[in-house]
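Please take a moment with the sequence and the fold before reading on. The paragraphs below move from the chain as a whole to its sheets and its cores.

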Amino acid sequence: MAAEVGLAAFSSIVSEGANSLLKPIIRKISYVFKYQSYIDGLKDQVKRLEHKRERVEIPVHQATQQGDEIYKDVADWLNSVKEFTQGAAKSITDDEDRAKKFCFKGLCPNLISRYKLSRQAAKAAEAAASLVGKGNFSNVSHRPTPKLVEHMQVKDFEAFDSRMKVFQDVMEALRDDKLNIIGVYGMGGVGKTTLVKQVAKQMMEDKLFDKVAMAEVTENPDHQKIQDELASDLGIKFELNESIFDRANRLCGVFKNEERHLIILDNIWRELEFDKVGIPSRDVEKERMDDQRRCTIILTSRRQDLLRNVMNSQKEIQIDALSKEEALQLFKKIVGDSMKTFAFQSIADEIVERCGGLPVALITLAKALKNERLDTWKDVSNQLRSSNAKEIDGMEINVYISIKLSYDLLGSKEAKSLFLLCGLFSEGHAIPVSSLLRYGMGMGYFKNVYTLEEARSRVHTLIGKLKSSCLLLDGDTEAKVKMHDVIHAVAVSIAEEELMFNIPNVADLEKKMEETVQEGPVAISLPYGGIQVLPERLQCSCLELLHTEGDGSMQVSDHFFKGTEGLKVLNFTRIHFSSLPSSLGCLINLQTLCLDYCRLKDIAIVGQLKKLEILSLADSDIKQLPLEIGQLTRLQLLDLSNCWSLELIPPNVISKLSRLEELFMHNSFSQWDKAEGGSNASLVELKGLSMLTTLEIDVSDSEILPQDFVSVELERYKIFIGQTLVRRLAKSKTSTLMVLKGPEKVSLLLGNDGTKMLLKRTEDLRIYSLLKI
C-alpha cells in the first residue's frame with residue numbers, strides 16, 4: 001500500500017515536471033501555428049485601450065478647459081498609452097502583412113516571421129491589458145492651489161498705520177468661527193475695496209479659505225451680473241439658457257460643499273437678497289455640523305446702519321480717511337521729484353488738506369499734477385479753495401472738485417470725451433472697449449482718424465491716458481475697463497453739464513425722460529434695464545446718442561424716432577422687436593447702430609440708413625440677413641457674433657460692402673456655399689473685401705475654402721474650421737487664432753495659398769481630433 005502511494009506521488013511529480021517542461025514548448029509551437037490568434041488578441045486589447053483612453057481624455061480635456069490641474073499619474077498614463085499605440089502596437093500590426101507571405105517559392109508559410117511576430121504580439125497584448133487595468137481613475141484632476149483672480153489683485157494698498165489697524169481687525173474677525181457676515185464701512189473713495197482685496201490676498205496666502213469670490217453690487221443691484229462675477233471666480237460655467245433661479249441653486253450648492261469660501265460683496269447701497277443670488281443665508285449656515293463647511297461673507301458699504309440693520313452683519317469695522325501725515329506721504333510718493341522745491345511743498349500741503357484724506361481724490365489729483373508747472377499747481381489750489389461745487393451722492397465736496405480738476409487737466413478733448421462716454425454706462429459694470437470705439441467713431445470724437453484700425457489705436461492710447469490719471473481702472477480682461485464708483489458719479493455729473501444724461505433707475509421714468517428732453521440733451525443713456533415703456537415720440541432734434549438697455553419687455557413706438565434726425569449713435573440692448581420702428585428710416589445721419597441681444601425678425605429698414613458705418617447684431621436671434629444690408633456701402637464694421645440662428649445670407653450681400661474693415665461672425669453663420677451663384681453667401685465674396693483687417697469666422701468644411709479667400713494683410717483673425725466648435729475656444733490672448741477640428745484639415749489647408757500664409761502668421765493654432773468638443 002505504501003509502495004502504491006509512493007508510486008502515485010512519484011507519477012504526479014513526473015507529470016507536473018513534464019507539464020512544466022512542455023508548456024513553454026507548446027507555447028512556442030503555438031506562436032507559429034496560431035499567430036493570427038495572437039495578432040487578433042493584440043488588436044482586441046489595443047481597441048479596449050483606445051476606449052479607455054477616450055474615457056480618460058474627455059474629462060481631462062474638460063478639466064483643462066476649466067483651469068484644473070491634471071494629476072501626474074493620469075498624465076503619465078496618457079503618455080504611456082500614446083507611446084504604446086504609436087510604437088510597439090503599431091509596429092506589430094504593420095508587420096502583419098510580411099508574416100503572411102510564403103517562402104520557398106510560395107510552397108510554405110514564413111514560419112520564422114510568424115514566430116517572431118506572434119511572440120511580440122503576445123507580450124504587447126499583456127502590456128496593453130496592464131495599461132487598461134491601470135487606467136481606472138476615480139478623479140483625473142484637482143483644483144489648482146488657490147490664486148487671486150486678476151480683478152482681485154491689489155495695486156494701491158499702502159501699509160499706513162490707519163490702514164493696518166483696520167486690516168488686522170478684519171483679519172481677526174475672519175478667524176472668528178462665530179462670525180459669518182462682516183461689514184466694512186466708510187466714505188466713498190476712502191479705500192474700502194482696496195482694503196478687502198488685500199484681506200482676500202492675505203487669507204489665500206494663509207490658506208484660511210479654499211476659494212475667494214468677489215462681486216460688485218452697486219446702487220442698482222443686478223443679480224445676474226453678481227452671479228456671473230461670483231461664478232467666474234469659482235470656475236463655474238453657466239449654460240446659455242439657464243434661469244437666474246437655476247443659477248442661484250448651482251451657486252448655493254457650491255458654497256455649501258466641503259470647501260471653505262470667502263465671499264466679498266463690494267459697494268452695497270440697499271438690501272441684497274442672498275437667496276436670489278445663490279448665497280447661503282446665516283440660518284442655513286447655523287445648521288452646519290463642522291467648521292470645515294463654512295461660508296463667510298464680507299460686505300462693504302458707505303452706511304453702517306445698512307450693514308447692521310438690513311444686511312444683518314455681526315460685526316462692522318470702520319475705515320476712516322487718511323491722517324494728514326499719511327495723505328501727504330501718499331501724495332509725495334506719486335508726484336515724485338516735483339515736491340523737492342519749497343515752492344511746490346507749500347502748495348502741496350494745501351492741496352492735500354483739501355482732498356480730505358481720501359485716497360481716490362489724492363491719487364487722481366497727484367497723477368494729474370505730476371510733472372506739471374508751478375502755475376498749474378497754484379491754479380488747482382485756487383480752484384480747490386474757491387469752488388462752490390454742490391455735494392453729489394453724499395460725496396465730500398472736495399473729493400468731487402479734485403476729480404473734476406483731474407478731468408480738466410487731461411488737456412486732450414478726445415480723452416475728456418471718452419471719459420464722459422464711460423459715465424453713460426452702468427455704475428460698477430465693466431465697459432467694453434469695443435463700445436467706446438464704436439460710440440466714439442459714430443460721434444466723430446477722434447480727429448484725423450478715418451479707419452477702424454486708426455480708431456482702435458487712438459482708443460487704446462486714450463484709455464492709457466485715463467488709466468494713468470486713475471480715472472479708469474483695468475477690467476477683468478483686456479477687452480474691458482472699469483470706473484471707480486466715486487469717479488463714475490463725478491463723470492455723470494460732469495456729463496450733465498455737457499448735456500449728456502445718464503438717467504437713474506427711477507420709479508417715474510416717463511416724467512424723468514420728459515424733464516431730460518426739455519434740457520435739449522446731446523446724449524441720453526438708460527443703462528439699468530427693466531424699462532417698460534418709452535415715450536411715443538422722442539422729439540429731440542439735438543440728440544446725437546441714445547443708449548438703452550431693456551429686459552425684453554420694453555415697447556418702442558413706430559413713431560419714436562420722429563424728430564430725432566440728428567441721431568448719430570443708437571444702441572438698443574435686450575429688446576424684443578416684432579419689427580423695427582418704421583421711424584428708424586428717418587435717422588439719415590445715423591453712423592453707429594447696435595442691436596445686441598435683441599429678438600429680431602425683419603430688419604430690412606436698416607438698408608435705408610445710408611450713412612451707417614458700424615452695425616452690430618451680436619447675440620441676436622436673427623435668422624436671415626436681408627438683401628437691403630447690401631445697400632450700406634459705407635459700412636466699415638459688421639458684427640454678427642453669436643447669432644446662432646443665422647442660416648441665410650443672400651449671395652452678393654457681403655461682397656457689396658466694399659469698405660468693410662471688420663467682420664465678426666464667430667459662433668454664427670457657417671452655411672457657406674461652395675461656389676458663387678448658390679442660395680447662400682460663399683466665401684469667395686470675402687476676396688473682394690480689400691480693406692478687411694479683422695475677421696472672425698466659422699467654416700464647417702475646409703474643402704469649400706477658395707484659394708486666397710482672404711487677404712494675408714489681416715491684422716487680427718479668429719478662424720474656426722470644422723464642425724461643432726464651441727464658444728469657449730474663442731478665448732485667446734493673441735490677435736491671430738486658428739482652430740481646426742481634425743488633423744486631416746491641415747493637409748487641405750496647406751494646399752491653399754491664402755490659408756498657408758495665414759497659418760505661418762498664426763500665433764495660436766489649435767487642432768482637435770479625438771475629443772468630441
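Two residues are in contact when heavy atoms of theirs lie within 4.5 Å. Among the contacts in this chain between residues at least 6 apart in sequence, 62% join residues at least 24 apart. The model is a predicted one, in which local features need pLDDT of at least 70 and side-chain atom pairs count only at pLDDT 80 or more, while totals for chains, interfaces and linings use all residues. Residues are numbered from 1 along each chain as its sequence is written, and side-chain values use heavy atoms, with hydrogens and water left out.

The chain has 25 helices and 24 strands, where helices (H or I, at least four residues) and strands (E, at least two) are DSSP runs numbered from the N terminus. Of its 773 residues, 50% are buried, a word that here means under 20% relative accessible area with a 1.4 Å probe, counting protein chains only.

One open sheet is formed by 5 strands in the order S6-S7-S8-S5-S9, and the pairing is parallel; two strands are said to pair if DSSP finds at least two bridges between them. Strand S6 (211–218) and strand S9 (315–318) stand at the edges with a single partner strand each, so one side of each is left without a neighbour in the sheet. From one strand to the next the twist averages 20°, with axes taken as lines fitted to C-alpha atoms, for helices over the stretch in contact, and angles running from 0 to 180 degrees between N-to-C directions. Within this sheet, strand S7 (residues 261–268) and strand S8 (residues 295–301) pair in the parallel sense over 6 bridges, and Leu262 has Thr296 in S8 as its bridge partner. Helix H8 (residues 192–205) packs on the sheet, where it touches strand S5 (181–185), S6, S7 and S8, and its direction makes about 170° with that of S6.

Further along the chain, strand S22 (residues 716–721) has 5 of its 6 residues buried. Strand S21 (residues 694–699) runs parallel to S22 and is joined to it by 6 bridges, while 5 bridges join S22 to the parallel strand S23 (residues 736–741).

A nonpolar core is a set of buried Ala, Val, Leu, Ile, Met, Phe, Trp, Tyr and Cys residues joined through side-chain atoms within 4.5 Å. In the largest such core, which has 100 residues, Phe331, Trp377 and Phe419 touch the most other members, and helix H16 (residues 359–369) gives the largest share, 7 residues. A second, separate core of 70 residues includes Leu534, Leu632, Leu663 and Ile719.
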